[in-house]
Amino acid sequence: MLRSLREAANLNGEEAAAAAERSASWLSRIESGQAVLRLRELRDLLNHYRMDDPDRRAALERMATEGRERDWWTGYTDKLDPLFGRFVGLEAVASEILTFEDHAIPGLLQSPRYMQTLIRLAVPKPQPEVTEATIEFRTRRQGILHDEQRPHFVVILDEAVLHRRMGGQEVMREQFAFLLDAIDRGLVEFRILATTQERMPLHAFTILRFEDDPAVAHLDTLSGGVLEEGHTAIETYETIFAYLRTIAHDPPASRRVIQAMKEAHG
């Protein structure tokens, strides 16, 4: 539908993509259904195409919103908790991802062998094909950090996670190298919360912020994830995250901690 609207406006891909400040290759992926379209980008395109019909605009915006939760990850629905599937769909179009983690390295920053170790610990005797599919899913999920307009990603990690040897020395050395690469490439604002720092007991949580929609939060619990969408709940998580950010090490100091851990592992 978007391709036909562009062609009706007598625009080529490069001219149309410029309206959303994106590349022609991005627009090609959007038109072929291979990428997710954000509401702001859709509105920019429709304005550029001079599409003024309010009913058609509303229908397209509704399709874009619903489409957030249906993309490449739908091929893994038989292996995903439905709630987490919804979270991944929202994560893919977030403009900001704010994560506090105190159990393991966040999924978006896990190396393949670290992932494999977590899967083995979660399922004592996993089937090889299940392990392979799970690693493939988690690796593809990390692709959002390599997108043209990747989200601003902030991680606050409890320092204890770095000392929890998952899979042995070699796996941890690889994981630390993986983290350093992400930090040095500007993919994440990484902050470490020292084990000596006083703080309230917390479960891991992630806040997703969007350009056009209210934020949501995902809370990890022993019985599974919980998705919070109410204003009061989100405000609470936002306040907690802002406080943790003030008491955690700054990014340069946090990077030095990761570098020292890597060197300590050979």
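Here are some friendly notes on a predicted model, covering its nonpolar cores, two helix pairs and one glutamate.

1. **The main core.** A good place to start is the largest nonpolar core, which has 40 residues. Within this core, L109, Y114 and F190 touch the most other members. Several elements give two or more residues each: helix 6 (82-91), helix 7 (112-122), helix 9 (169-184) and helix 11 (251-264), together with strand 2 (152-158) and strand 3 (189-193). Helix 9 provides the largest share, seven residues. As background, nonpolar side chains in soluble globular proteins tend to be buried together.

2. **A closer look at Y114.** Which residues does Y114 contact, once neighbours within four places in sequence are left aside? The answer is A104, I105, V161, M166, V171, M172 and Q175. Try finding Y114 in the structure and picking out these partners one by one.

3. **A second core.** There is also a separate core of 17 residues. Its members include L193, I207, Y237 and L244.

4. **Helix 7 with helix 8.** Two packed helices are described by the angle between their axes and the distance between the axes. For helix 7 and helix 8 (residues 128-141), the angle is about 130 degrees and the axes are 10 Å apart. Because of that angle, helix 7 counts as oblique to helix 8. The crossing is right-handed. On the helix 7 side, P112, M115, Q116, L118 and I119 make the contact, while helix 8 contributes T131, T134, I135, R138 and T139. Sorted by class, the contact holds five nonpolar residues, four polar and one charged.

5. **Helix 9 with helix 11.** Here the packing angle is about 150 degrees, and the axes lie 9 Å apart. An angle over 145 degrees counts as roughly antiparallel, so that is how helix 9 runs relative to helix 11. This crossing is left-handed. From helix 9 come R173, F176, A177, L179, L180, I183 and D184, and they meet R255, I258, Q259, M261 and K262 of helix 11. The classes in this contact are seven nonpolar, one polar and four charged.

6. **E238.** This residue sits in helix 10 (residues 231-247). Is E238 buried, partly exposed or exposed? With a relative accessible area of 21%, E238 is partly exposed, because buried means under 20%. Not counting residues up to four places away in sequence, E238 touches L98, I207, R209 and A215. I207 is also a member of the second core. As for A104, E238 is 134 residues from it in sequence and 21 Å from it in space, C-alpha to C-alpha.

Methods:
Residues are numbered from 1 along each chain as its sequence is written. This is a predicted model: local features need pLDDT of at least 70, side-chain atom pairs count only at pLDDT 80 or more; totals for chains, interfaces and linings use all residues. Side-chain values use heavy atoms; hydrogens and water are left out. A nonpolar core is a set of buried Ala, Val, Leu, Ile, Met, Phe, Trp, Tyr and Cys residues joined through side-chain atoms within 4.5 Å. Buried means under 20% relative accessible area, exposed over 50%, partly exposed in between (1.4 Å probe, protein chains only). Helices (H or I, at least four residues) and strands (E, at least two) are DSSP runs, numbered from the N terminus. Contact means heavy atoms within 4.5 Å. Axes are lines fitted to C-alpha atoms, for helices over the stretch in contact, and angles run from 0 to 180 degrees between N-to-C directions. Angles under 35 degrees count as roughly parallel, over 145 as roughly antiparallel, 65 to 115 as roughly perpendicular and the rest as oblique. A crossing is left-handed if the near helix is turned anticlockwise from the far one by less than a right angle, and right-handed if clockwise. Ala, Val, Leu, Ile, Met, Phe, Trp, Tyr, Cys and Pro count as nonpolar, Asp, Glu, Lys and Arg as charged, and the others, Gly among them, as polar.
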